[in-house]
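Reader: I should like to go through several assignments in this model and hear the reasoning behind each.

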Amino acid sequence: MDYSSYLDLPRLLGAQNPVSRARGAEAHDEHLFIVIHQAYELWFKQILHELGSVARIFGGRALDESDLSQAVNAAERCVKIQHLLVSQIDVLETMTPMDFLEFRDLLVPASGFQSAQFRMIETRLGLKRAQRLGFDGGAFDDDLPADDRAAIRALEAMPSLRDEVGEWLARMPFAEVTRKDGPAYDFSAAYTAALDRILSEDMVRIAGNARLTEAQREAQTGALTASHRRLDALFDDAAFAAQAANGAWGMPRAALEAALFIFLYRDEPALQLPFRMLRALMDMDELWALWRLRHALMAERMIGRRTGTGGSSGYGYLRATAEQHRIFGDLFALATFMIPRSALPPLPGDIRRSMRFRYER
Ligand code: HEM
């Protein structure tokens, strides 16, 4: 065993074979183009490795504190890798469009669109086939080799990370607790009352704002009432189901109620790991959107408004995916219902105590 054989370097370093070289006139930047794609594929592989371990942990029947800690570490590692994925674009952008055009036509019809690992990451996270933007009338995996298509179909048949996190959150016991003494604690009632107070104060402020025109006043009160209705639906199965059927939500209602509870009371010791998990999922979602946007802008810089080598509209398609291919948008939407920390209804003492760790000698 030595460094080179352990890392299988002869194969790894022998895998950069510019097509332009084979054609007899090597384009200098094709080497960078290949290395950067290969580096991406290696990081995609590592992300799939981490997501696989998160899925195994969440897929188990019970999730204890140390399992959750491992899952959080793996998710946070994915986030760090994604920062690299975004910043690697800077390196590729040192290539100019003319240098790219030197070898671009030799690549047709190959395209990053055919990255099977990228599709597996999207699928594993929870991007659904129906949610994907189409182009050219075909499905995103039509041009992949049969075994890659089968692997993606197999992943689609399994619960995604979003499904698993949704189930885990929905099982959280804190949002509605039966107590030994006194009435059951109902988070939704306590929180709706606090939010009602804030909304009524906002309504009074809008009514008393002499600078607003009648139309502005109506628009602002309308927006407040609408966000109130959305909050009511978060605590009501039938109203929530109607909104979810219109595509407003992707996770189950009970999961989102628990997520809101975690965001609000995240200072409680028992909620700190769940909070880190939710934050890592939001970081992932935001960084994929950022990568999509940076990649779209990079593509625009390289090829302007030309169509892609894989046949899409190019920039327009890529940019739209940044908006459309989100996975954890629900968690972001919960911020609509947040109130200042100072207005948060205090948790009953026994519930708080049940969320603290106690060390005994
Ligand atoms: C000169 C640099 C690049 C240009 C001009 C470019 C352009 C494009 C275009 C136009 C598409 C849309 C599909 C098509 O019509 O081909 C695409 C898709 C894609 N590219 Fe790139 N790309 C570049 C570099 C990269 C790199 C370094 C990666 C890293 C793996 C990458 C990964 C992808 C992926 C994953 C997709 C599919 C995106 C989706 O469908 O959401 N691309 N690229």
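Author: The model is predicted. We may begin with Gln-82, which lies in helix H5 (residues 65–92).

Reader: Why is Gln-82 called buried or exposed, whichever applies?

Author: Gln-82 has a relative accessibility of 2%. Buried means under 20%, so Gln-82 counts as buried.

Reader: Which residues does Gln-82 touch, not counting those up to four places away in sequence?

Author: Gln-82 touches Ile-47, Met-284, Leu-287 and Trp-288. These are contacts because heavy atoms lie within 4.5 Å.

Reader: What makes His-295 a donor of the iron atom of the ligand?

Author: The NE2 atom of His-295 is at 2.1 Å from the iron atom. The cut-off for a nitrogen donor of such a metal is 2.8 Å, so His-295 qualifies. His-295 is the only protein donor of this iron atom, and it is found in helix H14 (residues 272–303).

Reader: How do you know which exposure class applies to Ala-139?

Author: Ala-139 has 34% relative accessibility. Partly exposed covers the range between the 20% and 50% limits, so Ala-139 counts as partly exposed. Ala-139 is found in the loop between helix H7 (116–125) and helix H8 (146–157). Ala-139 and Arg-129 are 10 residues apart in sequence, with their C-alpha atoms 8.4 Å apart in space.

Reader: Why is Met-1 called exposed?

Author: The relative accessible area of Met-1 is 84%. Exposed means over 50%, so Met-1 is exposed. Met-1 is found in the segment before helix H1 (3–6). Together with Tyr-3, Tyr-6 and Leu-7, Met-1 makes a nonpolar surface patch of about 590 Å².

Key:
Residues numbered from 1 in each chain as written. Predicted model: local features only at pLDDT ≥ 70, side-chain atom pairs only at ≥ 80, totals over all residues. Heavy atoms only, no water. Donors = N, O, S within 2.8 Å, 3.2 Å for Na, K, Ca; no water. Helix = DSSP H or I, 4+ residues; strand = E, 2+ residues; numbered from the N terminus. Buried < 20%, exposed > 50% of the residue type's maximum accessible area, 1.4 Å probe, protein only. Patch = residues over 30% accessible without salt bridge, like charges linked within 9 Å, V, L, I, M, F, W, Y side chains within 5 Å. Areas by Shrake-Rupley, 256 points an atom, 1.4 Å probe, with all protein chains shown as cover. Salt bridge = Lys/Arg side-chain N within 4 Å of Asp/Glu carboxyl O.
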